[in-house]
Amino acid sequence: MRKEDKAVIIEQIAATLREFPNFYLVETAGLNAEKTSALRRACAKADVKLIVVKNTLLHKALEQLDGDYSELYPSLAGPTSIMCTTVANAPAKLIKDFVKKDDKLPVLKAAYVEETVYVGADQLDTLATIKSKNELIADVVALLQSPAKNVVSALTSGGTKLHGILETLSNKEA
C-alpha cells in the first residue's frame with residue numbers, strides 16, 4: 001500500500017473516531033463468513049459501526065486525536081475491529097448476546113467509553129451495565145418527579161378518604 005493511501009485511511013479512521021464518543025476494540029478474526037454477516041447485521045440494528053482495521057493504522061489514527069489513548073496501545077495486537085457507537089453500552093450488550101448464541105467470538109480487547117479506558121474481556125459485564133446519558137437523565141427526572149407525585153397522590157387519596165368519612169357521618173345522622 002502506498003504512503004498516500006495509508007494517510008487517507010488513517011484520516012478516515014480518525015474522522016470516524018471523532019464522530020463517535022465511544023468505541024470498542026474487538027477481535028473478530030475467528031468468525032466465519034456467516035457469523036461475520038450476522039455480527040454486521042446485529043451491529044446495524046444496534047446503530048453500531050463495525051470497521052476492520054490494521055493495528056498500525058489505528059495506532060496512528062489514535063495519535064492524531066485529542067486525548068491520551070496510550071492505555072489502548074497494548075491491545076493493538078492481532079486482528080482488530082472497531083465498534084463505534086453513541087450509546088455507551090450497546091456494543092457490550094451486543095457482544096454478550098452474540099457470544100451467548102455462538103462461541104467465544106467476538107472478544108473484547110479494550111474500550112474507550114465516556115472518556116474512560118477499559119482493558120480486557122473481563123470488563124464486558126461492567127461495560128454492559130453502564131447507563132447511557134439518556135438513561136441517566138431519565139432516572140434523574142423520575143427521581144425529581146416522585147416527591148411531587150407522592151404529594152399529589154396523598155392529597156387526592158386524602159380527599160377521597162375525607163369525603164368518605166363525611167358521607168358516612170351524614171348517613172348515620174339521617
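A salt bridge is a side-chain nitrogen of Lys or Arg within 4 Å of a carboxyl oxygen of Asp or Glu. The exercises below use a predicted model.

**Exercise 1. Describe the overall make-up of the protein chain: how many helices and strands are there, and in what pattern do they follow along the sequence?**

Solution.
1. The protein chain contains six helices and five strands.
2. Along the sequence, these elements follow the pattern α-β-α-β-α-β-α-β-β-α-α.
3. Of the 174 residues in the protein chain, 33% are buried.

**Exercise 2. Find the salt bridges of Arg2: which residues does Arg2 pair with?**

Solution.
1. Side chains of opposite charge can pair when their charged atoms come close.
2. For Arg2 and Asp5, the closest N and O atoms are 3.6 Å apart. The cut-off is 4 Å, so this pair is a salt bridge.
3. For Arg2 and Glu4, the closest N and O atoms are 3.8 Å apart. This pair is also within 4 Å, so it is a salt bridge.
4. Now take the accessibility of each partner. Arg2 has a relative accessible area of 54% and is exposed. Glu4, with 52%, is exposed. Asp5 has 32% relative accessibility and counts as partly exposed.

**Exercise 3. Examine the salt bridge between Asp125 and Lys96: where in the chain do the two residues lie?**

Solution.
1. The side chains of Asp125 and Lys96 form a salt bridge with an N to O distance of 2.8 Å.
2. Asp125 belongs to helix 5 (residues 124-129) and Lys96 to helix 4 (residues 90-101). The two residues are 29 residues apart, and the pair links distant parts of the chain.
3. Asp125 has a relative accessible area of 48%, and Lys96 has 28%. Partly exposed covers the range between 20% and 50%, so both Asp125 and Lys96 fall in that class.
4. Returning to Arg2, Glu4 and Asp5, salt bridges that share partners join these residues into one network.
5. The count of salt bridges comes to five.

**Exercise 4. Work through the aromatic cluster: which residues do ring pairs link?**

Solution.
1. A pair of aromatic rings is described by the distance of the centres and the angle of the planes.
2. The count of aromatic pairs comes to three.
3. In the pair of Phe23 and Tyr69, the ring centres are 6.1 Å apart and the planes stand at 40 degrees, so the pair is tilted.
4. Phe23 sits in strand 1 (residues 22-27), while Tyr69 sits in the loop between helix 3 and strand 3 (80-85). The pair therefore ties together parts that are 46 residues apart in sequence.
5. Phe23 has 2% relative accessibility and Tyr69 has 8%. Buried means under 20%, so both Phe23 and Tyr69 count as buried.
6. Tyr69 also pairs with Tyr112: the ring centres are 4.9 Å apart and the planes stand at 55 degrees, so this pair is tilted.
7. Tyr112 lies in strand 4 (residues 107-113), 43 residues apart from Tyr69, and the pair links distant parts of the chain.
8. Tyr112 has a relative accessible area of 13% and is buried.
9. Ring pairs thus link Phe23, Tyr69 and Tyr112 into a cluster.

**Exercise 5. Turn to the surface patches: which residues form the positive patch, and which make the nonpolar patch?**

Solution.
1. Lys3, Lys6, Lys54 and Lys60 form a positive surface patch.
2. One of these residues, Lys54, lies in the loop between strand 2 (49-53) and helix 3 (55-64). Lys54 has 53% relative accessibility; exposed means over 50%, so Lys54 is exposed.
3. Ile165, Leu166 and Leu169 make a nonpolar surface patch of about 300 Å².
4. Leu169 is located in helix 6 (residues 133-173). At 45% relative accessibility, Leu169 counts as partly exposed.

**Exercise 6. Place Thr56: is Thr56 buried or exposed, and how many residues separate Thr56 from Leu76 in sequence?**

Solution.
1. Thr56 is in helix 3.
2. The relative accessibility of Thr56 is 53%, and the residue counts as exposed.
3. Between Thr56 and Leu76 there is a separation of 20 residues in sequence. In space, the two are 8.0 Å apart, C-alpha to C-alpha.

Methods
Residues are numbered from 1 along each chain as its sequence is written. This is a predicted model: local features need pLDDT of at least 70, side-chain atom pairs count only at pLDDT 80 or more; totals for chains, interfaces and linings use all residues. Side-chain values use heavy atoms; hydrogens and water are left out. Patches are made of residues with over 30% relative accessible area and no salt bridge: like charges are joined within 9 Å, nonpolar side chains (Val, Leu, Ile, Met, Phe, Trp, Tyr) within 5 Å. Accessible areas come from the Shrake-Rupley method with a 1.4 Å probe; for residues, only the protein chains shown count as cover. Lys and Arg count as positive and Asp and Glu as negative; His and the chain ends are not counted. The place of a charge is taken as NZ of Lys, CZ of Arg, CG of Asp or CD of Glu. Helices (H or I, at least four residues) and strands (E, at least two) are DSSP runs, numbered from the N terminus. Buried means under 20% relative accessible area, exposed over 50%, partly exposed in between (1.4 Å probe, protein chains only). Rings of Phe, Tyr and Trp (its six-membered ring) pair if their centres lie within 6.5 Å; planes under 30 degrees apart count as stacked, over 60 as edge-to-face and the rest as tilted.
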